[in-house]
Amino acid sequence: MRRFALRTGLRWKVSLAIAAVSTLVAVVLSLVVHNAARVSMLDNSRTVMDERVKVAQRWYEQSRVLGFGAKLDDPHLPEQLKKEAWRGQRATYLEDSGTGTPEVWASVPLRNGKVLSVHTKFQDRFAVLNDLDRVLIIGSLSVVLGGIALGVLVGDQLSRRLRKAATAARKLAEGDSEVRVREAIGGRVRDETDDLARAVDGMAEALQQRLEAERRVTADIAHELRTPVTGLLTAAELLPPGRPTELVRDRAQAMRTLVEDVLEVARLDGFAERAELQEIAVAEFITRRVRTVAPDAVINVVRDAHVSTDPRRLERIMGNLLANAARHGKPPFEVTVEGRILRVRDHGAGFPEELLKDGPSRFRTGSKDRAGTGHGLGLTIAAGQARVLGARLTFRNADPLMDSGDGTEGECRGAVAVLWLPESAPTNTGSFPIIEVPD
């Protein structure tokens with residue numbers, strides 16, 4: 001069972017992270033400021049009420065006049081203030097329900113045994129606290145929005161650089177050795193992305209040098225083997241007729257074919273091959289060539305097309321595809337011409353999974369169902385020649401047959417190789433058009 005994976009861009013991850021941190025900081029600072037302001041106002045209110053009750057006490061003792069709304073023995077006086085008055089202490093008390101404006105009390109015992117008290121709510125002062133809360137909310141929202149904008153800006157810059165690096169890395173993987181990731185991402189700021197780009201460029205250069213060295217060694221070995229193998233084949237022709245002579249000639253010819261194939265692969269790996277273009281009618285050309293190399297193949301022409309391509313390389317591709325089908329597949333062999341699209345199909349066991357996943361690989365013939373002879377160079381050469389033509393060679397298996405008896409999946413209907421010829425020919429500089437292959 002496949003897990004659902006939510007893929008989000010780095011830009012939004014950075015934005016959300018900065019927004020979350022901004023929100024947390026704004027909320028914490030707002031709470032700290034709010035609580036500090038409230039505590040300060042409450043302390044100041046108790047101080048003011050303490051001063052009022054002292055002034056009211058002096059007025060009452062001097063003129064028997066109650067000022068500041070003072071009361072004697074107020075029945076609503078809180079119990080805490082009553083206890084402090086019994087001890088002979090002047091005290092203040094804050095009555096805060098947590099929902100409305102707090103009520104502040106102050107009391108003082110008189111010499112006649114009565115308790116003088118004043119109280120008020122200071123609504124004007126705490127209205128300022130409500131205004132402060134609104135300002136804090138607006139400020140917090142501004143900080144969060146600013147954080148999101150900053151996160152989008154920073155994340156977009158980093159994401160753009162990483163996308164450029166990924167695009168350049170994909171071009172490197174596709175064989176474009178001239179691409180450099182550091183040049184692709186650009187920019188003057190030195191950060192971890194530049195370090196990654198330089199590391200990838202260094203790895204690509206080292207790998208390119210190693211592949212080039214291996215290609216030269218392979219080409220040199222094949223070239224050195226060419227002369228003795230040719231001599232061996234010539235000498236085999238001079239042997240007297242007989243079964244041993246036939247075996248020697250067959251093996252010598254197979255060795256010569258292998259050497260020629262290895263040389264061709266080395267040339268293709270060097271990206272030095274260039275197409276010699278001619279205008280051809282695809283249907284007529286394919287029909288004539290297929291009749292020569294595979295007389296039993298079925299040719300289906302859906303529609304014809306005229307293309308500018310290299311006939312020798314196209315013939316090489318089709319010959320290798322048909323040879324691969326004859327060696328590993330089963331008849332009937334079908335060749336379909338549909339404009340610029342050429343299909344070669346057999347009715348054997350199909351291509352192995354490794355080839356469908358990774359493409360053709362030299363000296364790997366595939367699974368035991370589609371192996372036995374050959375060196376795995378035929379499809380490698382076909383793919384390389386297709387690249388020189390600016391074409392695209394794809395491989396797939398036909399839909400499997402279903403066993404109607406037990407409902408299980410049956411054998412594959414065969415392997416299908418599809419050659420997509422380009423609408424525009426490759427240029428003399430070696431650049432190739434992009435072939436769009438539908439899903």
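Glu338 counts as partly exposed because its relative accessibility is 22%, where partly exposed denotes the range between buried (under 20% relative accessible area) and exposed (over 50%), computed with a 1.4 Å probe on protein chains only. The structure is a predicted model, in which local features require pLDDT of at least 70 and side-chain atom pairs count only at pLDDT 80 or more, whereas totals for chains, interfaces and linings use all residues. Residues are numbered from 1 along each chain as its sequence is written, and side-chain values use heavy atoms, with hydrogens and water left out.

Glu338 is paired with Arg343 in a salt bridge, with 2.9 Å between the closest N and O atoms; a salt bridge is defined as a side-chain nitrogen of Lys or Arg within 4 Å of a carboxyl oxygen of Asp or Glu. Arg343 is likewise partly exposed, its relative accessible area being 24%. Through salt bridges with shared partners, Arg303, Glu338 and Arg343 are joined into one network. Across the whole structure, the search yields eleven salt bridges.

Another of these pairs links Arg289 to Glu315, with an N to O distance of 3.2 Å. Arg289 belongs to helix α7 (residues 282–293) and Glu315 to helix α8 (residues 311–328), so this salt bridge ties together parts that are 26 residues apart in sequence. Helices are DSSP runs (H or I, at least four residues) numbered from the N terminus. Both side chains belong to partly exposed residues, with relative accessibility of 22% for Arg289 and 35% for Glu315.

A salt bridge within a single helix is formed by Asp131 and Arg134, at 2.0 Å from N to O. The two residues are three positions apart in helix α3 (residues 123–173) and are therefore separated by about one helical turn. Asp131 is partly exposed at 37% relative accessibility, and Arg134 is partly exposed at 48%.

Helix α8 also contains Arg313, which is buried, with a relative accessible area of 4%. The side chain of Arg313 is in polar contact with that of Asp310 at 3.2 Å, a polar contact being a pair of N or O atoms within 3.5 Å; within protein, one atom must be able to donate a hydrogen and the other to accept it, and residues adjacent in sequence count only if both atoms are side-chain atoms. A polar atom of the Arg313 side chain also lies 3.2 Å from the backbone oxygen of Arg274. With residues up to four places away in sequence not counted, Arg313 touches Glu273, Arg274, Ala275, Gln385, Val388 and Leu389, contact meaning heavy atoms within 4.5 Å.
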